[in-house]
Amino acid sequence: MIEPFVYQGSPARVIFGSGTKSHVAKEAERLGMERALVLSTPQQVEMAEEIAGLLGDASAGVYTRAAMHTPVEVTADAMALVKDKAVDGVVSIGGGSTTGLGKAIAYRTDLPQLVIPTTYAGSEMTNILGQTEDGIKTTVRSPSILPETVIYDVDYTMGLPDWLSGISGINAIAHAVEALYAHDGNPVLSTMACEGIAALHRSLPRIADDMTNREARTDALYGAWLCGMCLGSSSIALHHKLCHVLGGSFDLPHAETHTAVLPHALAYNAPAVPTAMASLGLAMHTTTPAAALFDLAERMGAKTALKDLGMPADGIDRAVEITLKNPYWNPRELEAEGIRGIIQSAWSGTRPRV
Ligand code: NAD
């Protein structure tokens, strides 16, 4: 039976396909950009320069120092350029790190953002910004953070390494998994979540087999979009909070941490969310979704143990303590032994028991 619900659609405009970079000048103009700053990481300078070329006179130049976890020093550096060049909009090309810089600038200036995502992390569809100052990562949500326009161009994802495709894809799956049991979820979001998870679950192994498989790349990017919508439109629970604690406390890499934790956080919540588990089972063609996610991570060559990502064994107790200090909604009650069990299993990288 459908329970009463509230649904808030995302106002972002989305252009999806192959060769869609050709829309960039027209879309920038639509947002009123006449002096757009193009953002990227140092690894994606060529893509940024190509986009600046397509923008032509509407480009104010490129800034290519975006970095993981959106350090505030980098944002300050980019902001100086925004002021100097009287920038009137940002165009971010890259993964969640570059999108994060664009969001940080928009949060401070309310400038319009156009994002061209090149991983599957899904940040482009959310109003969430995580930024780091003095080693501490804090998260804010604001309407000014949500990008106005997103151009998904499969062509820019063709060179995304298979292992990075795997971890950013599983990061996206985590957004949709938590939307399936979010306290503010709804049937529309659940439909998007299942469709997004199914698309990523079937396409990622095909990308592992052949990175250049365009059909699989298209499927994965489509799934990433849907999963990003899920994160943007619902509240997060234990899995995302745990990753935040672990990433922040032990300086662990973002997508890798999500990949290692997700099977165990899901196994913990499973008894409390039978409907979500049934939907997940249908989307992934399995009766054991938590174990299937662990298998997917292994299939993609991802590290499945937090100890291999640099978390010390004596950090487990500390992580349990920090997690319990800031209580939040979760479908299953949070208690020390249960949380310890999740972190211990993720630390050693054992397959969740079926
Ligand atoms: P990333 O953006 O850090 O990219 C990883 C590396 O891959 C970078 O060097 C990048 O330049 C390179 N790269 C990206 N696309 C490529 C391509 N197509 N070909 C070759 N190289 C490519 O990784 P990510 O996983 O996309 O993003 C992680 C960051 O995003 C974290 O800081 C995380 O906190 C944030 N994030 C935020 C949200 C949100 O809603 N706020 C959601 C998900 C992730």
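**Arginine 318, the ligand shell and the salt bridges**

Arginine 318 is partly exposed, with a relative accessible area of 43%. That figure, like the rest here, comes from a predicted model. The residue sits in helix 12, which spans residues 315-325. Leaving aside residues up to four places away in sequence, arginine 318 touches Ser249 and Phe250. Threonine 157, by contrast, is a long way off: its C-alpha atom is 38 Å from that of arginine 318, with the two positions 161 residues apart along the chain.

Turning to the ligand, its shell is made up of 24 residues, and the closest are Thr41, Ser97, Thr118, Thr119 and Thr126. Sorted by class, 15 of the shell residues are polar, seven are nonpolar and two are charged. Two helices each put at least two residues into this shell, namely helix 4 (96-109) and helix 5 (162-180). Several side chains also reach ligand oxygen atoms with an N or O atom. For lysine 137 the distance is 2.8 Å, for glutamine 43 it is 3.1 Å, and for histidine 254 it is 3.2 Å. The ligand on its own would expose 870 Å², and the protein buries 86% of that.

Salt bridges come next. Side chains of opposite charge can pair when their charged atoms come close. The structure holds ten such bridges. In one of them, arginine 202 pairs with aspartate 219, and the closest N and O atoms are 2.7 Å apart. Arginine 202 belongs to helix 6 (residues 187-209) and aspartate 219 to helix 7 (residues 214-233), so this bridge ties together parts 17 residues apart in sequence. The two partners differ in exposure: arginine 202 is partly exposed at 43% relative accessibility, whereas aspartate 219 is buried at 15%.

Another bridge joins glutamate 215 to arginine 206, with an N to O distance of 2.9 Å. Here glutamate 215 is exposed, at 54% relative accessible area, while arginine 206 counts as partly exposed at 31%.

Back in helix 12, aspartate 317 meets arginine 340 in a salt bridge of 2.2 Å, N to O. This pair links distant parts of the chain, since aspartate 317 is in helix 12 and arginine 340 is in helix 13 (residues 336-348), 23 residues apart. Aspartate 317 is partly exposed, with a relative accessible area of 49%, and arginine 340 is partly exposed too, at 26%. Glu337 joins in as well: Asp317, Glu337 and Arg340 are linked in a network of salt bridges.

Technical notes
Residues numbered from 1 in each chain as written. Predicted model: local features only at pLDDT ≥ 70, side-chain atom pairs only at ≥ 80, totals over all residues. Heavy atoms only, no water. Helix = DSSP H or I, 4+ residues; strand = E, 2+ residues; numbered from the N terminus. Buried < 20%, exposed > 50% of the residue type's maximum accessible area, 1.4 Å probe, protein only. Contact = heavy atoms within 4.5 Å. Near = heavy atom within 4 Å. Polar contact = N/O pair within 3.5 Å; in protein donor to acceptor, adjacent residues only side chain to side chain. Areas by Shrake-Rupley, 256 points an atom, 1.4 Å probe, with all protein chains shown as cover. Nonpolar A, V, L, I, M, F, W, Y, C, P; charged D, E, K, R; others polar. Salt bridge = Lys/Arg side-chain N within 4 Å of Asp/Glu carboxyl O.
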